[in-house]
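This report looks at how two helices pack and at the salt bridges around them. Please view the structure first.

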Amino acid sequence: LDRKTMAELIVMAEEAVADMPLESLEWYHEKYILDYFAEVGLFLRHGLAQWAEVTLRTLIRLRCESPDIGGDHHETVQLKHYLSQALRQ
């Protein structure tokens, strides 16, 4: 995708999570967690590693707090992998 299209996708992702700021997110807000996860992918793809890092740290904390998921769940492990990737950028 070209830069303009990526920028438009990021704006759309921001609009999808506008009703739930990252700081207000709780482990049971599944829809918003998934929306933020999608946003992280756009951040990483667009070279916005610092934005991805902040979001990933929050998502990892929330997944670890979840009684149904926890720190060893494959999704949490994948989030940790993406965080490592963001830190290397």
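Helices α2 and α3 are roughly antiparallel to each other, because their axes cross at roughly 150° and angles over 145 degrees count as roughly antiparallel. The model is a predicted one. Helix α2 spans residues 30-45, and helix α3 spans residues 49-65. Their axes come within 9 Å. The crossing of α2 and α3 is left-handed.

**The α2–α3 contact**

Which residues of α2 meet α3? They are Glu 30, Ile 33, Leu 34, Tyr 36, Phe 37, Val 40, Phe 43 and Leu 44. On the α3 side, the partners are Ala 49, Trp 51, Ala 52, Thr 55, Leu 56, Leu 59, Leu 62 and Arg 63. By class, this contact has 13 nonpolar residues, one polar residue and two charged residues. Glu 30 and Arg 63 both belong to the contact, and both recur below in a network of salt bridges.

**Salt bridges**

The structure holds five salt bridges. Three of them are listed here, with the distance between the closest N and O atoms.

| Pair | N to O distance |
|---|---|
| Lys 31 – Asp 35 | 2.4 Å |
| Arg 57 – Glu 53 | 3.1 Å |
| Arg 63 – Glu 75 | 2.6 Å |

**Pairs within a helix**

Lys 31 and Asp 35 both lie in helix α2. They are four residues apart, so about one helical turn separates them. Helix α3 holds a pair with this spacing too: Arg 57 and Glu 53 are four residues apart, which means a separation of about one helical turn. Are these two side chains buried, exposed or partly exposed? Arg 57 is partly exposed, with a relative accessible area of 44%. Glu 53 is partly exposed as well, at 23%.

**A pair between helices**

Arg 63 forms a salt bridge with Glu 75. This pair links distant parts of the chain. Arg 63 sits in helix α3, while Glu 75 sits in helix α4, which covers residues 74-88. Twelve residues separate the two.

How do the partners differ in exposure, buried or partly exposed? Arg 63 is buried, with a relative accessible area of 1%. Glu 75 is partly exposed, with a relative accessible area of 23%.

The pair does not stand alone: Glu 30, Arg 63 and Glu 75 are linked in a network of salt bridges. Arg 63 thus appears in two settings, the contact of α2 with α3 and the salt bridge to Glu 75 in α4.

Note on methods:
Residues numbered from 1 in each chain as written. Predicted model: local features only at pLDDT ≥ 70, side-chain atom pairs only at ≥ 80, totals over all residues. Heavy atoms only, no water. Axes fitted to C-alpha atoms, helices over the stretch in contact; angles between N-to-C directions. Parallel < 35°, antiparallel > 145°, perpendicular 65-115°, else oblique. Left-handed = near helix turned anticlockwise from the far one by under 90°. Contact = heavy atoms within 4.5 Å. Nonpolar A, V, L, I, M, F, W, Y, C, P; charged D, E, K, R; others polar. Salt bridge = Lys/Arg side-chain N within 4 Å of Asp/Glu carboxyl O. Buried < 20%, exposed > 50% of the residue type's maximum accessible area, 1.4 Å probe, protein only.
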